[in-house]
Amino acid sequence: MAEKTPQVYRYTECGLDNVYIHGLPSFDDDAGEPVFTIPNVNSLHRLIAEAIVSQDSALAGRQLRFLRTEMGLTQAELGRIVHKEMLTVGRWERGENQIDDNADTIIRLLVIDYLGLETDMSVEDISGLSTPTAGISKIDIDGEDPQNYVTLPAAV
């Protein structure tokens, strides 16, 4: 199997539909289909969490599920922290209800704390990010050096 030219890979295995890894090499399987290997998954997920926490829009359900899972919390544990019922957290994750602004801000702060993310944002800055928007922005990641994943600037 020969290595192919790096291409863009839509990384849906993380549970999100909006994560794209650029420059990831692939190999063809016996059927001629491209096969991707995702090295250093922990660092990749940390970068995805950082991108979600920093986004200028309210958290979406799938993003919340991703973040909660990365923190190692159950729905009940997260519910206790944000003073909501486990059922409410489940509804947020399924997209049945919008996460309220206060819970959104607390969750972002929890993620920063639990995952030890480095950020220059203040609590006030983070609070200002929790605004409803029409859609979820793409998360583009440079995957050419899996030991040093970085987010790519948003396309204009």
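**View 1. What lines the largest pocket, by residue class?** The lining splits into eight nonpolar, three polar and four charged residues. Bear in mind that this is a predicted model. The pocket itself holds about 320 Å³ of space. Its lining takes in 15 residues, and K138, I139, D140, L152 and A154 are the ones that lie nearest the centre. Two elements, α1 (41-54) and β5 (139-142), each give two or more residues to that lining. The top contributor is α1, with four residues. As for how such space is found, rolling a probe the size of a water molecule over the atoms shows where emptiness is left.

**View 2. The whole chain, for orientation.** Stepping back for a moment, the protein chain has six helices and six strands. Follow the sequence and the pattern reads β-β-β-β-α-α-α-α-α-α-β-β. Along the principal axes, the C-alpha atoms fill a box of roughly 55 × 30 × 30 Å.

**View 3. An open sheet of four strands.** The strand order here is β1-β2-β5-β6, and the pairing is mixed. At the edges sit β1 (7-10) and β6, each pairing on one side only. Start at the β1 end: β1 and β2 are antiparallel and share three bridges. Next along, β2 (residues 19-24) and β5 run parallel, joined by four bridges. Finally, β5 and β6 (residues 150-151) are antiparallel again, with two bridges between them.

**View 4. Walking across the sheet, one residue per strand.** Begin at Y9, which stands opposite I21 in β2. From I21, hop over to its bridge partner in β5, I141. Which residue of β6 does I141 stand opposite? That would be T151. If you're tracking where side chains point as you go, remember that in a regular strand they alternate between the two faces of the sheet.

**View 5. Helix α1 over the sheet.** Here α1 lies across three strands, β2, β5 and β6. Relative to β5, the helix runs at about 140 degrees. Both α1 and β5 also turn up in the pocket of View 1, as elements that give two or more residues to its lining.

**View 6. A lone aromatic pair.** Search the whole structure and you get one aromatic pair. The partners are Y9 and F36, with 4.4 Å centre to centre and 35 degrees between the planes, so by the 30 and 60 degree cut-offs the pair counts as tilted. The two rings come from distant parts of the chain: Y9 belongs to strand β1 and F36 to strand β4 (residues 34-36), 27 residues apart. Y9 is also the residue that stands opposite I21 in the sheet.

**View 7. The surroundings of I38.** Where does I38 sit? This residue is in the loop between β4 and α1. Leaving aside residues up to four places away in sequence, I38 touches Y9, Y11, I21, L24, L44 and Y149. Two names on that contact list, Y9 and I21, should be familiar from the sheet, where Y9 stands opposite I21. For a sense of distance, pick F66, which is 28 residues from I38 along the chain: their C-alpha atoms are separated by 17 Å.

Note on methods
Residues numbered from 1 in each chain as written. Predicted model: local features only at pLDDT ≥ 70, side-chain atom pairs only at ≥ 80, totals over all residues. Heavy atoms only, no water. 1 Å grid on protein atoms, 1.4 Å probe; cavity = no way out; pocket = protein on both sides within 12 Å on 5 of 7 lines; lining within 4 Å. Points joined across faces, edges and corners; volume = space filled by probe spheres on them. Nonpolar A, V, L, I, M, F, W, Y, C, P; charged D, E, K, R; others polar. Pairing = 2+ DSSP bridges. Contact = heavy atoms within 4.5 Å. Axes fitted to C-alpha atoms, helices over the stretch in contact; angles between N-to-C directions. Phe/Tyr/Trp six-rings, centres within 6.5 Å; stacked < 30°, edge-to-face > 60°.
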